[in-house]
Amino acid sequence: MKRNLLLIITAIAAVSMSGQISLDSCRHMALHNNKVLQAGKLKIESAEYLRKAAHAAYLPGVDLQGSYFYNQKKLELIGEDAKLPVMNFDPTTGSYQHSIVTTPDGPLIVNGTPVPQQVALLPKSALTYNIHNVFAGALTITQPIYMGGKIKAMNEIARYASELARTQYDTQSDEVIYNVDVAYWQVVSLKAKQRLAESYVSLVESLDKDVQRMVDEGVATKANLLSVNVKLNEANVDLTRVNNGLALSKMHLAQLCGMPINGDFVLADENRESVPVTLRATNFNMADVYARRNEIQSMELATKIYDSKARAERAAMLPKLAAMAMYSVTNPNSFHGFENKFGGAFSVGATFQIPLWHWGGLSNKYKQAQTEAKIKRLELADVKDKIELQVNQAAFRYQEALKTLDASKENLKSADENLRMAQVAFREGVSTTDEVMTAQTAWLKANSEKIDAEIDVQLCDVYLSKVLGSMEY
């Protein structure tokens, strides 16, 4: 908002100092105030963030994870106190033997099991742990080693997307400049037609006064005066239409430039008697045109993006290898008897994955991505064909506009001379008012056609430079 206000103040200051706004000033203000271009800049910024994020995939990832659980019961490894038989060494056999209670009848058997003389008591409480509150945490470092080329492909996609955002911004800038130029020359055209309409009103008014005097002197009829009055009314209506069209055109140009639409301003070229014409060569090399056109660059980048996307899908079918290191902690300490303290340990290792069988899911995704890349190549070729046709049409239109301008200048010379002769003949009484009005109408038409031809040359020149990709601003 502050930037827009500053630009408006700058534009107003420029007008107050010079009194006029040039075409370059209009272009400059439009580029800085256009909402589409502002969104385009944000898209470039977004694509740059995406590129940096893709590059980060080459570097090791560090993650910290923590968790807490509340358990209702304690952990009991045995259900009751355990009595473990004790073994004694028997020198006669050289091995350990259970010490069995014996009776005169032999070993004491209870429930089919010999009764040991000695046992080791393993109390239940010794194997019961308090796990009501369990804390766990881990610091993990993962370094991709080989991901089948997916990381490289994603970085290519991100880089091409960043370049694509810039070429799309340039395309939008060309469109904004073209619209500003059209609106600018439209204002210049209507301003010239306003002067022409005012001159025509003056001519008809002068004729109206002459006919009024002739009526007063009795050498002209009321019918002659009424026909001139009708022509004068028509001229005033046309002048009003031109004034309204000029006001609306200025509003449109102000809106494109980000200026107040009700503001009053003067364009640098609107008071010219004639618009200067710069001749442009219509010989061109299509290879150079393709290299300059932002649309071709965008399509080529889109094709590269889809090629990289296919490589990313192919990576899903290749082995993947990554190294890992982790430091984990638990409470109760699972590394030291489940005591209620934090305890931790390091772990290092690697993960390896080989896709074996996915029922054609991975290969079909790869083929689908390849097909999309082929489609983009066909679309690129189609766009090139259309651009070649567009360039040739623009060149023919430009040459036609130049010929029309030359013809309109010749017609204007004839109309000027015809009007002069009609006025002289009318003053000498050898010509009628109808002949004078016909000459005036022809003069108006010739001037209007010359103005249209001059502006058409300018517009054709702007359009030709646009399709050639050579707009300079």
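These are my notes on the helices, one sheet and two pockets of a predicted model.

**Helix H5**

I started with helix H5, which covers residues 222-257. I wanted to know whether its length fits its residue count or departs from it. At 1.5 Å a residue, its 36 residues should span 52 Å, and the end C-alpha atoms lie 52 Å apart, so the two agree. I then looked just past the end of H5 and found Gly-258 with a positive phi of about 80 degrees.

**H7 against H8**

Next I took helix H7 (residues 294-315) with helix H8 (residues 361-427). Their axes come within 8 Å and cross at roughly 170 degrees. Angles over 145 degrees count as roughly antiparallel, so H7 is entered as roughly antiparallel to H8. I sorted the residues of this contact by class and got 10 nonpolar, 2 polar and 11 charged.

**The sheet**

I traced an open sheet of 4 strands, in the order E1-E12-E13-E14, with antiparallel pairing. Which strands stand at the edges? They are E1 (61-70) and E14 (343-353); each has a single partner strand, so one side of each is left without a neighbour in the sheet. Ignoring direction, I noted an average turn of 20 degrees between neighbouring strands.

Within the sheet I followed the pairing of E12 (residues 133-146) with E13 (residues 320-331), which is antiparallel and runs over 11 bridges. I also noted that Gly-137 stands opposite Val-329 of E13.

**Largest pocket**

I then turned to the pockets. The largest one holds about 400 Å³ of space. I listed 19 lining residues, and those nearest the centre are Arg-27, Arg-280, Gln-458, Asp-461 and Val-462. Which helix gives the most to this lining? It is H9, with 5 residues. Helices H2 (23-33), H4 (150-217) and H9 (433-467) each supply at least two residues of the lining. By class, I entered the lining of the largest pocket as 8 nonpolar, 4 polar and 7 charged residues.

**Second largest pocket**

For the second largest pocket I have about 270 Å³ of space. It is lined by 17 residues, with Ala-192, Arg-195, Glu-273, Asn-447 and Ile-451 closest to its centre. I checked which helices take part, and H4 and H9 each supply at least two residues of this lining. The classes in the lining of the second largest pocket are 8 nonpolar, 4 polar and 5 charged.

How values were computed:
Residues numbered from 1 in each chain as written. Predicted model: local features only at pLDDT ≥ 70, side-chain atom pairs only at ≥ 80, totals over all residues. Heavy atoms only, no water. Expected span 1.5 Å × (residues − 1). Axes fitted to C-alpha atoms, helices over the stretch in contact; angles between N-to-C directions. Parallel < 35°, antiparallel > 145°, perpendicular 65-115°, else oblique. Nonpolar A, V, L, I, M, F, W, Y, C, P; charged D, E, K, R; others polar. Pairing = 2+ DSSP bridges. 1 Å grid on protein atoms, 1.4 Å probe; cavity = no way out; pocket = protein on both sides within 12 Å on 5 of 7 lines; lining within 4 Å. Points joined across faces, edges and corners; volume = space filled by probe spheres on them.
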